[in-house]
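Got your viewer open and a selection box ready? Here is a stop-by-stop tour, with something to pick at each halt.

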Amino acid sequence: QVQLVESGGGLVQPGGSLRLSCAASGSILSITTMGWYRQAPGKERELVAVINTDGSTNYAASVKDRFTVSRANAKNTVYLQMDSLKTEDTAVYYCNVYGRKWGSTTFNSWGQGTQVTVSS
């Protein structure tokens with residue numbers, strides 16, 4: 001089993017910043033991709049940002065230049081620094097981690113979700 005624990009959500013005013021964290025634990029052999037998705041009320045879950053083992057990243061167009069994804073490999077942790085937040089960034093944010101467990105089976109795990117609300 002691989003568990004993900006998220007933290008860092010909350011209420012912030014437009015233009016403000018938040019930092020999300022997600023720590024993975026369990027029978028992890030290696031991690032390939034770590035990332036963040038979000039789901040707003042009445043909408044489908046969408047990709048926000050992902051980071052690969054080599055440090056390459058991919059961002060949704062709506063967050064590029066405002067959000068920064070990073071990872072601490074030694075801690076199996078991924079971060080999402082969110083700056084210049086807008087009301088349309090309001091959503092539940094989910095961490096996602098893909099990799100291999102001991103025994104070489106793959107895993108694709110999701111965090112429990114953390115609410116981010118941008119409002120004045």
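## First stop: a long hairpin

Select strand β4 (residues 28–39) together with strand β5 (residues 46–52): the two pair in the antiparallel sense over six bridges. Strands here are DSSP runs of E with at least two residues, numbered from the N terminus, and two strands count as paired if DSSP finds at least two bridges between them. Before going on, some ground rules: this is a predicted model, where local features need pLDDT of at least 70, side-chain atom pairs count only at pLDDT 80 or more, and totals for chains, interfaces and linings use all residues. Residues are numbered from 1 along each chain as its sequence is written, and side-chain values use heavy atoms, with hydrogens and water left out.

Now pick Arg38 and look across to β5, where its bridge partner is Glu46. Follow the chain round the turn: six residues lie between β4 and β5 in this hairpin, and Gly42 in the turn has a positive phi of about 80°.

Keep β5 and add strand β6 (residues 57–59), its antiparallel partner over three bridges. Ile51 has Thr57 as its bridge partner in β6. This hairpin has four residues between the strands, and Gly55 takes a positive phi near 90°.

## Second stop: β9 and its partners

Show β9 (91–101) next to β4. These two pair in the antiparallel sense over 10 bridges; to find one spot along them, pick Ile31, which stands opposite Gly99 in β9.

Next, add strand β10 (residues 106–110), which runs antiparallel to β9 and is joined to it by five bridges. Arg100 meets its bridge partner Thr106 in β10. Four residues separate the strands in the hairpin of β9 and β10, where Gly103 has a positive phi near 100°.

β9 has a further partner to select: β11, antiparallel to it over three bridges. Ala91 is the residue to click, with Val116 as its bridge partner in β11.

## Third stop: the open sheet

Hide those and select β1, β3, β8 and β7. These four strands form an open sheet in the order β1-β3-β8-β7, with antiparallel pairing. Which strands sit at the edges? They are β1 (2–7) and β7 (67–72), each pairing on one side only.

Zoom in on β7 and strand β8 (residues 77–82), which share six bridges in the antiparallel sense. Val69 has Leu80 as its bridge partner in β8.

## Fourth stop: the core

Stay on Leu80 and bring up its contacts (heavy atoms within 4.5 Å). Leaving aside neighbours within four places in sequence, Leu80 touches residues including Leu18, Trp36, Val48, Phe67 and Tyr93.

Leu80 also belongs to the largest nonpolar core, which has 30 residues; Trp36, Leu80, Met82 and Tyr93 touch the most other members. A nonpolar core is a set of buried Ala, Val, Leu, Ile, Met, Phe, Trp, Tyr and Cys residues joined through side-chain atoms within 4.5 Å. Buried means under 20% relative accessible area, exposed over 50%, and partly exposed in between (1.4 Å probe, protein chains only).

## Last stop: the disulfide

How many disulfides does the structure hold? One, where a disulfide is a pair of cysteine sulfur atoms within 2.5 Å. Select Cys22 and Cys95, joined S to S at 2.1 Å. The pair links distant parts of the chain, with Cys22 in strand β3 and Cys95 in strand β9, 73 residues apart. The torsion about their S-S bond is about -80°, so the disulfide is left-handed. Cys22 is buried at a relative accessible area of 0%, and Cys95 counts as buried at 0% relative accessibility.
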